[in-house]
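User: I'm new to this structure and would like a walk through its features. Could you show me how to read them?

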Amino acid sequence: MAENKNKVQDEADIITLEFDDDENIECEIMGVFDYDGHDYIALIPLDDSDDVYIYGYREVGEDEFEIVDIEDDDLFAKVVEEFDTIMASEE
């Protein structure tokens, strides 16, 4: 997926991810969290799967943000581990 600028569409915090193959997936924003001084976003696709998508997160304006792929596999694994730790602490 290429870099993608998204606007929050409504109060339910639903965004549409647009993939390079023209596939669009609506996702609910689960939350934004910090790992090692950088922000990441967790998204839940509205397709009845148990998937969670995690991307880099960057605010680029009022009510506007950018999500980017985490291309480094080691970093991605550490970010997912942090997300899992946060989720486990909230149970």
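Analyst: Let's start with a term. A polar contact is a pair of N or O atoms within 3.5 Å; within protein, one must be able to donate a hydrogen and the other to accept it, and residues adjacent in sequence count only if both atoms are side-chain atoms. Helices (H or I, at least four residues) and strands (E, at least two) are DSSP runs, numbered from the N terminus. Now the case here: Asp-72 caps the N-terminal end of H1, with a side-chain oxygen 2.9 Å from the backbone nitrogen of Asp-74.

User: What should I know about the model before going on?

Analyst: This is a predicted model, where local features need pLDDT of at least 70, side-chain atom pairs count only at pLDDT 80 or more, and totals for chains, interfaces and linings use all residues. Residues are numbered from 1 along each chain as its sequence is written, and side-chain values use heavy atoms, with hydrogens and water left out.

User: How many residues does helix H1 have, and what span does it reach?

Analyst: The expected span of a helix is 1.5 Å times one less than its number of residues. H1 covers residues 73-89, which is 17 residues, and its first and last C-alpha atoms are 24 Å apart, close to the 24 Å expected.

User: Phe-83 caught my eye. Is it buried or exposed?

Analyst: Buried means under 20% relative accessible area, exposed over 50%, partly exposed in between (1.4 Å probe, protein chains only). Phe-83 sits in helix H1, and it is buried because its relative accessible area is 10%. Its C-alpha lies 9.2 Å from that of Tyr-40, though the two are 43 residues apart in sequence.

User: Which side chains meet in a salt bridge?

Analyst: Side chains of opposite charge can pair when their charged atoms come close. The cut-off is a side-chain nitrogen of Lys or Arg within 4 Å of a carboxyl oxygen of Asp or Glu. This structure holds one salt bridge, and it joins Glu-66 and Arg-58 at 2.4 Å, N to O. Glu-66 belongs to strand S6 (residues 64-68). With 9% relative accessibility, Glu-66 counts as buried, while Arg-58, at 40%, counts as partly exposed.

User: What volume does the largest pocket have, and which residues line it?

Analyst: Rolling a probe the size of a water molecule over the atoms shows where empty space is left. On a 1 Å grid over the protein atoms alone, a pocket is an open set of points where a 1.4 Å probe fits, with protein on both sides within 12 Å along at least five of seven lines; lining residues have an atom within 4 Å of a point. Here the largest pocket has a volume of about 160 Å³. Its lining includes His-38, Tyr-40, Arg-58, Asp-72 and Leu-75. Strands S4 (38-45) and S5 (53-61) are the elements that give two or more residues to that lining.

User: What is found in the loop between S4 and S5?

Analyst: Asp-47 is there, and so is Asp-48. Asp-47 is partly exposed, at 41% relative accessible area, and its side chain makes a polar contact of 2.7 Å with that of Ser-49. The C-alpha atoms of Asp-47 and Ile-25 are 8.1 Å apart, with their positions 22 residues apart along the chain. Asp-48 counts as exposed at 80%.

User: Which value of phi does Asp-48 have?

Analyst: Phi of Asp-48 is near 65°, a positive value in a residue other than glycine. Asp-22 also has a positive phi, near 70°. Asp-22 is in the loop between strand S2 (14-18) and strand S3 (24-35), and at 67% relative accessibility it counts as exposed.

Terms used. Grid points are joined across faces, edges and corners, and a volume is the space filled by probe spheres set on the points.
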